[in-house]
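User: I would like to go through this model term by term, with each label set against the rule behind it. Please begin once the sequence and structure are shown.

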Amino acid sequence: MAYIEIRNLVKRYKKVTAVNRIQLDVEKGELLTLLGPSGCGKTTTLRCIAGLEKPEEGDIIIDGKPMISEGFVQPSKRGIGMMFQNYAVWPHMKVYSNIVYGLKLQNLSRQSIKEKAKNVLELVGLQGLEERYPGQLSGGQQQRVALARALIRNPKVLLLDEPLSNLDAKLREKMRFEIKSLVKRMGITSVYVTHDQAEAMVISDRIVVMEKGNIVQIGSPPEIYERPASRFVADFIGAMNFIPGEVVGVHSGTNEVYVRTEFSEKLLCKSTGGDVTTPGQKVYASIRPEDVEVFAEPPQSGENIFKGIIANKAYLGNFLFLFININDTAIRVQAPHQLPQEEGHELYLSLNPQKCIVLPE
Amino acid sequence: MSRGNHFLSSLLWLVIALLVIYPLSILIIESFKVSGTDGSGIQNYLEFFQDTYYLKTFWNTIVLSTMVLLVSTLFGIPLAYILARYRQRGKTIFTALILLPIVLPAYAGVFAFIIFFGKFGTMNLLLMNAGLIEKPLNFIYGFHGLVFIEALHMLPFIVLSLVSGLTSIDPSFEEAAEVEGASGFRRFITVTLPLCTPSYLAGAVMVFLWPFTDWLTPLILGQVDFLPSVAYINIAYHFTDVHRKHMGIVAVVVSSIVCITLFLFARWWVEKKKYTGLSKGTTAEGRVIEPGPFLKISSYLYTFFIAALVLLIPIVLGLSAFSRRWVFEPFPTYWTLDNFRVILMESPGLIYNSFLFSGIALIFGVIFGLPAAYIIVRTRVPGKDALDFMITLMLAFPGIAIGVSYLLAFWEGIPLATYWIIMPLALFSRRLPYFLRIAHASYLQLDISLEEASEVSGVGKFMTFINISLPLLMKGVLVGVVMFFIMAFQEISTAIFLYRGGWETLPIGIYLNWHRGMEFGISAAMAFLMIVITFILLLIIAKIGGGILKAAWGGAGEKK
């Protein structure tokens, strides 16, 4: 039994279906990320788990207890901790009062409240700031207050709604690791919502990619990156060259697929398994820029070698993006600096068949 | 910094000096004059604070203010919560109805409630006819009636400020409390209400100041022991007794000082406590809740009750306006247009004067207000904050202070008070902040880059204002103009000191008719006429845009 089970969840706003009958299990102690563009239903799903939205259909079971089907359980009774996108740190209360707000509702002695507050303040690194008002704190500190408040009651489930989106880039990267290690150390089952794929990659045990109210793929970060289930997922996560073509041959034993493209009669690709490809099907032969090998001279051997002309370049410091035209198809590659970079220069590309996957159109 | 801006700013200051600073200094100087001598000193003030009667009026006024604030808050909190949070049918209508008192003259309400709740008013007669009571109950004559009427009159200020507080709270603040385990009432007390306090206070201070300003309501209800009423009586009726006149002026100054102090204190506090900057990205309407059936019905009943009380005003005045000899009957039986005939045949000048004076005041207002808004929002002319401050301060000044100071200042030194132009001038300076605030607000919303784009294209500042700013500000300006007109149209406390024979306006006519004969018919008909005119003007605002609610809020500030 999974710790959180989401069954047939449907949430509509007037005529828009924000969440369309999704199924999802979150294991105990897992850090699961809901990833997708804005409007994909990720935040709505999270708010349904919190009880802040009442779904039209379906059920959410937390630790074996149904939250909806046996009477709607109010958010205040679900025993969850939540971090909001805008922190939602109450501006009229001092840091300390903010953090112990929920604890005070439980019948605890002053002493134990104080102790817990001390522990959690240490945990998030806010010692000495108890008497400050949120208005006197930086964004990052308010963030920590929100985290401390969410953690202090030792919640069964921690929900995080884009908690880092209001921080600047440097701090965001630092907080990713902090949140992850903290949550893992405490072993709290967590659901994390973000639209930032890099954040999802760093932080998650598993990623759930959502699109238009549906789950399109669930998997570990490497699975999602290396074997995206659709063009949408591949495009949303990382960069990808999509070469339109048509399947001309399938080798079911080795998962090898031949694709006819604008520049090649038989481009050798790999099927990701899920969809059985049949000849005649329109597909995208897809390869990530970093998987394209680039040579100044034609390599002696290898599959999928093509000649191209540099059309454009973009310098990014640690590497170079080149846009190379093979006939009329532009391929983006990540090239080492020592190669010629001038526009109009000829280069040779190797589209590694092991990395060149076939995605349905 | 262009020279034009400095010139403009100096002109505006000149107007402020003539119409605000000069008369108010005369008022203060006059309050120090010792009667019977040529000298001056603090004798008047010493007497004021040693005399048991004046001290009593002072204390009474504070108690009244407190009670009015308390009652309107108690009734206002649930109302604001319902309007801001519950999904309810007919919300717009209810909101408009409940806010109606803001644009109705206070005296209209007083007359209506006297007719309905008076000793032998409709309510008592109905109860007696039904055999429920033997003798008439005293619903309104007395302190409790005063509190009731003033609280109802000021209720919109409380409701509007709370609604604006409730809708501007980031929903996640309350959601966070919910997730943390605080449900219902506790969440409301610990999170929602504290977050509303800054905006509540902005409205509350206006409510608290109202009894320091309103001299007419106590007077009509036969209660005179309140500061503004005493001041009015001392100054208007005892002009031969110079000493009493001076004591009246002292009362006016004391009221003004209380008003200004509290107003500034509230502003300072609100500024200090502003929470809004802290949260990022709120939804447009804030949290909206679907109430359960029991709550839904109770909230309907409650809004209905308040709306009915408010609606009593136009209904009762209407009944009274179209009837004669409505005495000792729960409802009128003799219907006639006689009241209107009397108004139109015998004193059409009242209506004409009202439109003329308010209209001229309005033109002054626009001519002054637009450049003032420009200077305050768009330039860095030194002293612009002081200008803003002076104009905003006028919100807090009791109308009686302006009336009295104009009477004193423009009688001998600058003898403007002998010409009718004093009337629109007084209305102008009294209602100026209303227009300015709306113009100011719409100016703030106007993206400066739109103007900069025009200037970069080679068009000068003035033509940019004419071509770009003015058309874009038009909507806000028009709403401000109508609001200004409504407020000027019903002004009485300033005008009552300044009018001479032939300069009477409708509100003055209402007062005089009541005062002369205790005959409500004609007063009621005049009040009804004013309500109709106000209502038409409100419809115009609603048509222009922004809706009645927004228009009323834009103009919310102090009244009379």
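User: What makes E2 and E5 of chain A edge strands in the open sheet E2-E1-E4-E5?

Analyst: In this predicted model, the open sheet of four strands has the order E2-E1-E4-E5 in chain A, with antiparallel pairing. Strands are DSSP runs of E with at least two residues, helices are runs of H or I with at least four, and both are numbered from the N terminus; two strands pair if DSSP finds at least two bridges between them. Strand E2 (16-26) and strand E5 (65-66) each have a single partner strand, so one side of each is left without a neighbour in the sheet, and they stand at the edges.

User: How do you know that E4 and E5 of chain A pair?

Analyst: Two bridges join strand E4 (residues 57-62) of chain A to E5(A), and the strands run antiparallel; the rule asks for at least two bridges, so the pair qualifies. Within it, A:Ile62 stands opposite A:Lys65 in E5(A).

User: Why is A:Asp63 called partly exposed?

Analyst: A residue is buried if 20 or more other C-beta atoms, placed from the backbone, lie within 10 Å of its own, exposed if 12 or fewer do, and partly exposed in between. A:Asp63 has 14 other C-beta atoms within 10 Å, so it is partly exposed. A:Asp63 lies in the loop between E4 and E5 of chain A, and it has a positive phi of about 50° although it is not a glycine. Most residues other than glycine have a negative phi.

User: And how do you know that A:Asn304 is partly exposed?

Analyst: The count for A:Asn304 is 19 other C-beta atoms within 10 Å, and therefore the label is partly exposed. A:Asn304 is found in the loop between E15 and strand E16 (305-315) of chain A, and its phi is near 55°, again a positive value in a residue other than glycine.

User: Which strands stand at the edges of the sheet that contains E15 and E16?

Analyst: That open sheet of five strands has the order E15-E19-E16-E17-E18 in chain A, with antiparallel pairing. Strand E15 (292-295) and strand E18 (329-335) have a single partner strand each, so each has one side without a neighbour in the sheet. Neighbouring strands are turned by 45° against each other on average, direction ignored, where axes are lines fitted to C-alpha atoms (for helices over the stretch in contact) and angles run from 0 to 180 degrees between N-to-C directions. Strand E17 (residues 320-326) and E18(A) pair in the antiparallel sense over seven bridges, with A:Ile326 opposite A:Thr329.

User: What makes strand E14 of chain A largely enclosed?

Analyst: Five of the six residues of E14 (residues 282-287) are buried, so this strand is largely enclosed by the rest of the structure. Six bridges join strand E11 (residues 241-251) of chain A to E14(A) in the antiparallel sense, with A:Pro244 and A:Tyr284 as bridge partners. Four bridges join E14(A) to strand E20 (residues 357-360), also antiparallel, where A:Ala285 stands opposite A:Val358.

User: How are the numbering and the confidence limits set?

Analyst: Residues are numbered from 1 along each chain as its sequence is written, while chains are lettered from A and ligands numbered from 1 in the order in which they are written. Local features need pLDDT of at least 70 and side-chain atom pairs count only at pLDDT 80 or more, whereas totals for chains, interfaces and linings use all residues.
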